[in-house]
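New to this one? Here's a quick briefing to read alongside the structure.

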Amino acid sequence: MEHHLTTTRRAGLWPALLHALRPHWAVALLLGPLALYLLVFYLLPLAGVLQQSLFSPDFTLEHYANLWRHPVYLKVLLNTLEISFWATTAAVLLGYPLAYGMTFFGPAWRTLLMAAVTLPFWISVLVRTYSWMIILGRFGVVNSLLQWTGLTQAPLELMYNRCGVYLSLTYVLLPYAVLPMHSVMLGIDRNLLRAADSLGSSPLQRLCRVFLPLSLPGVAAAFLLTFIVGAGTFVTPTLTGGPRETVIAMSINSQLEIVNDWAFAGVLSVVLLLTVMLLFALCLRFMGLESLFGSKPGGHSGPRASRRGLRATLMTRLMHWGAERWLDSCETIHLQWTRRTTQLFEALACRLPQGLRRVPWGLWGLRTICALGAAYLILPLGVILPIAFSNDTILRFPPQTVGLGLFKSFFSSGPWMRATMNSLRVAAPVMLLATVLGTLAAMGIARLKGAARQTAYGLFISPLVLPAIINAVAMYFFMAKLKLIGTITGLVLAHTVLAVPFVIIVMTTTLHGLDHGLEQASHSLGAGRLRTFAHVTLPLIRPGLLTAAIFAFIASFDELIVALFISGARSTTLPKQMWDGIRDQMDPVIAAVAAGLIILAVALMAVTGFVRRRGNGAARPEVADSRRH
Amino acid sequence: MKRALLVVALCLFAATGIAQAETITVCSYGGTYNKALDEAIAQPFTKETGIEVVFVSFPNYAKMKAQVQSGNIEWDVVEPSINGYVLGAHDGLFEPLDLTGIPVEDFVKGGIQPFGVSTVYYSHNVAYRTDVWPAGQGPKTWADVWDTEKFPGPRAVKYTAYSNLEAALLADGVPPSQIYPIDVDRAFKKLDELKPQIKVYWKNGAQAQQVMRAHEADTGSFAAGRMLDIAKDGVPVAVEWNGSIVDLDYLVILKGCPRKEAAMKFIKYSTDPKRQAALAMASYYGPSNLKAYDYIPDELARQMPSHPDNMKNAVVIDGEWYREHGKEVTARWEAWKMQ
């Protein structure tokens, strides 16, 4: 009000203000819709969880006190961190050679590894975990093999304990570890490697002294990202772990399902959220956010870029100092270690007969590891696919029959068809909404620089790293207030939040590679902003738009956890129906659905690949590929 | 541009719903039980009244409460078990039912309540794989399940305190009639003995079936109906009736339900002894309307929890005790499991 008065009194001020703001208008208009959307359907629900944990109905810290009163929850938190830490460590160790293979091997290997790493994303995590249960069971695949060969007498306990959780969780986390490392490796300047060669280093020295240090930011980022995903995991430890493998997401779920203590579910959610936010902040210190998600190649320049953007608060400085000391000491240890192992290997190599010495052991070793890694990633599919093409009425392995009966029962079953239609009815509007909001926002981000860019990008991407269970709890409270539980509208609104990050990632990359000269040329030839957008920008970014739309579609089509909480009888989605199918009756139709989704995935991958190849080189999402020398 | 418009039009088309006849949603326990409900009650009901019935699972208490509090009722008929019923009736979540015309005297004791009409008895029983111990020579009582020297091998039990505390006390020699009020310390002390042998805590009937089918455990505590169901498929499993722990399911209507009349019609329809018999035979759970036994072959009737012979040494779950102590017992149980 006051503001208004002053502007009317001093007529000259308002135009002046507008003039000063003018360059920001476009940005505000572009970022505004998405920012507003996320404020209402993402930040507000999250605030609701915080409120739930603090008010009942008046302000109280009583629920937080419960956290200390029952030491078991502290144990659950430690459990969560411990399980996630070791599974992440294993995933990063195995993922590193896989990422290396994906970057440097021949096209056939690259395609194979890329497919092995990305295909699991297309199958419900539930189905993948279930196939691990088939593999690890007391009379499962592994135990049957071991006993058949006579290696063991009694069945080994591979499941319902740490062993089962580590094997299945590492498998689930592996793709999350590989992709950031791959994207950083793509950005490593190969001339540096050639320089090492020409200076006479052995392949091992080259790897340890040049390549490894250059790829370390990728390793750090992969570790943190994977750790965050691992800490929020819910389905996998529920199914393959025992009671000692209770993780925090399971506790949240049981507070809601068994104990009916919503406030305490809120408390646990807040604890998990804080843990994840802390880790996410650490992530940013190590690496530019955009290179983390592969949308801005050249990851090794990331930390410096983000360092410049840091606000020099005491806390961040301290953290930074710590991280650098840590990296330094790592480097010292690693240098000493490298020197010793190199010497050891060289000594060993000298003893080998002349003929064997020429065999590229390193390469073969690496290929073996990559092949094993790919096999590990594909193994569960090997269990699911035979079941899919059978007529069995019970989910079991090996299946007793062969046929297309399960596909037939999928297409003739009312609930399955209804669920498929519901998924399409949710995913289509989500695709539209997320692509429009996300593309506008990405165009806004393209005009930002420094800290503002990082903040906007970080906010828009954050639903991707937020543990699904927190989002689900938040949406549940929120949608219940709006009376949208069990409605298609509720699912569309919630899924759009989860689909937006994918659009942002794809579109910022696309716009990053855009030749702005063409837009300027259009401007100078007299075309207005809108005209330039319609006739110049839009055709240029079309391939990226299509990719973004497909990702948004899949993000919704494949979403389980939120749907589990807010979908209802009339809005059951396909993943929810699969969850029920396994939980309620071990329905083998889920195998057929999984097989169908894999086929769909391969088809869509082929389409996006085709579009990319046809599209303008500058607009390729995988700019990094075109930068290869 | 035209293509873009087409895409928009298609999306909007996909987003609009399809008009339907009057439909009620029934929330029950899923899987084979929902199927049995559908075939025995819902399908003839639809034929008679024209009201469509959609099934969902699982009658989670928090979700019932959320629906009533938000006024966004999605489940028209819900089938909680006795604990959920007592808690919900206490919290005022249910509509009072129109009980006129329901023959209360035909039902088991407590089978007809102001807010709920019972459907089936189900029970937690001792069960074992008959390829480990021949039928009749396996664990017969809870004490046998606890006797890991005589009957070595991995156990599976339900993942809740409920039913396990009762089993532990029975194993410790407490007579069925003196289980309540539960001596919680004594029950946990007895549970400590079995703990090293408990390999799986199953979450629901389907998982219990899977555990026995895949032979993840040799014996333990299982829902009888689910075991008899897989025995029919050839899984070598036997069920013992001594000391069965029995629970009753009720059909209720959530407060503020907009399709109350149709829901009430469904509930009344379910009380018919013939329908109850069909449900019991399809699900292996015991009918709560004892008149239903007139329509069930004797051989089958002997495998049902509400059969008089099977009820002799049974413990019926005390919903009131759980309403008072459920929260603390659950917290203790969760901590105990993780030790």
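Chain B splits into two domains in the domain assignment: domain 1 covers 19-119 + 248-307, and domain 2 covers 122-247 + 313-338. Keep in mind that you're looking at a predicted model. The notes below go through how the two domains meet, then turn to a sheet in chain B.

**Where the domains meet**

- From one C-alpha centre to the other, domain 1 of chain B and domain 2 of chain B are 26 Å apart.
- Each domain of chain B puts residues into the contact: 18 residues come from domain 1 and 18 residues from domain 2.
- On the domain 1 side of that contact, three elements of chain B chip in two or more residues each: α2 (31-49), α4 (82-91) and β8 (237-251).
- Of these, α4(B) gives the largest share of the domain 1 side, with six residues.
- Sort the residues on the domain 1 side by type and you get ten nonpolar, seven polar and one charged.

**A three-stranded sheet**

- Chain B also has an open sheet of three strands, in the order β2-β1-β3, and the pairing is parallel.
- Why do β2 (52-57) and β3 (77-78) of chain B each have one side without a neighbour in the sheet? Both stand at the edges with a single partner strand, so there's no neighbour on the other side.
- Strand β1 of chain B (residues 23-28) runs parallel to β3(B), and two bridges join them.
- Look across from Val26(B) and you'll find Val77(B), which sits in β3(B).

Notes
Residues numbered from 1 in each chain as written. Chains lettered and ligands numbered in written order. Predicted model: local features only at pLDDT ≥ 70, side-chain atom pairs only at ≥ 80, totals over all residues. Pairing = 2+ DSSP bridges. Helix = DSSP H or I, 4+ residues; strand = E, 2+ residues; numbered from the N terminus. Domains from an automatic or database assignment. Contact = placed C-beta atoms within 7 Å. Nonpolar A, V, L, I, M, F, W, Y, C, P; charged D, E, K, R; others polar.
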